[in-house]
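Trainee: I would like to work through a structure step by step, and I would be glad if you could explain the reasoning behind each answer. Could we look at it together?

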Amino acid sequence: VQLQASGGGLVQAGGSLRLSCAASGSIAYIANMGWYRQAPGKQRELVAMSTRGGVLTYADSVRGRFTISRDNAKKMVYLQLNSLKPEDTSVYYCFGNIYSQVTSRWNEYWGQGTQVTVSS
């Protein structure tokens, strides 16, 4: 099982970006999918998460600016980042709670991270 994140970049404050994450491999079922971020010297922060049924969770710091969505058929999760602020600068990691067809076990899988840099 692999998760591949994309879509990061450099943007000015107030701008927007869209992150994408694709899950692939021997996947039987995906439960939660979402995004964390971690800036240098800071703790990892849960940014947003979606259950398979569409229940959404957001960090207080991004609620109203970021929107998470997912396509279960395509095994993808997205994060729309609007009204970006310099403090949103971080590496963003996607994750998925996935039941593997090979191991017949649940595990949490992570993407490789994508850098988001917001200039003031």
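Trainee: Does Cys 21 count as buried, partly exposed or exposed, and what is the value behind that: which relative accessibility does Cys 21 have?

Mentor: Before we begin, please keep in mind that this is a predicted model. A residue counts as buried when its relative accessible area is under 20%. Cys 21 falls below that cut-off and is therefore buried, its relative accessibility being 0%.

Trainee: Which residue forms a disulfide with Cys 21?

Mentor: A search through the whole structure turns up one disulfide, and its two sulfur atoms lie 2.1 Å apart, which is within the 2.5 Å cut-off for such a link. The partner is buried too, with a relative accessible area of 0%. The residue that forms the disulfide with Cys 21 is Cys 94.

Trainee: How many residues apart in sequence are the parts that this pair ties together?

Mentor: The link of Cys 21 and Cys 94 is right-handed, with 60° about the S-S bond. Cys 21 belongs to strand 3 (residues 17-24) and Cys 94 to strand 9, so the disulfide ties together parts of the chain whose separation in sequence is 73 residues.

Trainee: Strand 9 also holds Ser 90; which backbone oxygen lies 2.8 Å from a polar atom of the side chain of Ser 90?

Mentor: Ser 90 is in strand 9, which covers residues 90-100, and Ser 90 counts as buried because its relative accessibility is 3%. Leaving out residues up to four places away in sequence, Ser 90 touches several others, including Arg 37, Thr 114 and Val 116. A polar atom of the Ser 90 side chain lies 3.1 Å from the backbone nitrogen of Ala 39, while the backbone oxygen found at 2.8 Å is that of Gln 38.

Trainee: Is Ser 50 buried or exposed?

Mentor: Ser 50 is found in strand 5 (residues 45-50). Not counting neighbours within four places in sequence, Ser 50 is in contact with a set of residues, among them Ala 31, Met 33, Leu 56 and Ile 68. The relative accessible area of Ser 50 is 2%, and therefore the residue is buried.

Trainee: Turning to charged side chains, which residue meets Arg 37 in a salt bridge of 3.0 Å, N to O?

Mentor: The whole structure has four salt bridges, and one of them joins Arg 37 to Glu 45 at 2.8 Å, N to O. Arg 37 counts as buried because its relative accessibility is 7%, whereas Glu 45 counts as partly exposed because its value is 28%. The salt bridge of 3.0 Å is the one in which the side chain of Arg 37 meets that of Asp 88.

Trainee: Where does Asp 88 lie in the chain?

Mentor: The salt bridge of Arg 37 and Asp 88 spans 51 residues and links distant parts of the chain, with Arg 37 placed in strand 4 (residues 27-38). Asp 88 is buried, because its relative accessible area is 1%. As for its place, Asp 88 lies in the loop between strand 8 (76-81) and strand 9.

Trainee: Is Asp 60, which forms a salt bridge with Arg 63, buried or exposed?

Mentor: The closest N and O atoms of Arg 63 and Asp 60 are 2.6 Å apart. Arg 63 counts as partly exposed because its relative accessibility is 47%. Asp 60 has a relative accessible area of 67%, which is over the 50% cut-off, and therefore Asp 60 is exposed.

Trainee: In which order do the four strands of the open sheet run?

Mentor: Strand 1 and strand 3 run antiparallel and are joined by five bridges, and one bridge pairs Gln 4 with Ala 22 in strand 3. Strand 7 and strand 8 pair in the antiparallel sense over six bridges, with Phe 66 bridged to Leu 81 in strand 8. The order of the open sheet is 1-3-8-7.

Trainee: Which residues make up the covered face of strand 1?

Mentor: Strand 1 (2-6) is an edge strand, pairing on one side only. Its uncovered face holds Gln 2, Gln 4 and Ser 6, and its covered face is made up of Leu 3 and Ala 5.

Terms used: Residues are numbered from 1 along each chain as its sequence is written. This is a predicted model: local features need pLDDT of at least 70, side-chain atom pairs count only at pLDDT 80 or more; totals for chains, interfaces and linings use all residues. Side-chain values use heavy atoms; hydrogens and water are left out. Helices (H or I, at least four residues) and strands (E, at least two) are DSSP runs, numbered from the N terminus. Buried means under 20% relative accessible area, exposed over 50%, partly exposed in between (1.4 Å probe, protein chains only). A polar contact is a pair of N or O atoms within 3.5 Å; within protein, one must be able to donate a hydrogen and the other to accept it, and residues adjacent in sequence count only if both atoms are side-chain atoms. Contact means heavy atoms within 4.5 Å. Two strands pair if DSSP finds at least two bridges between them.
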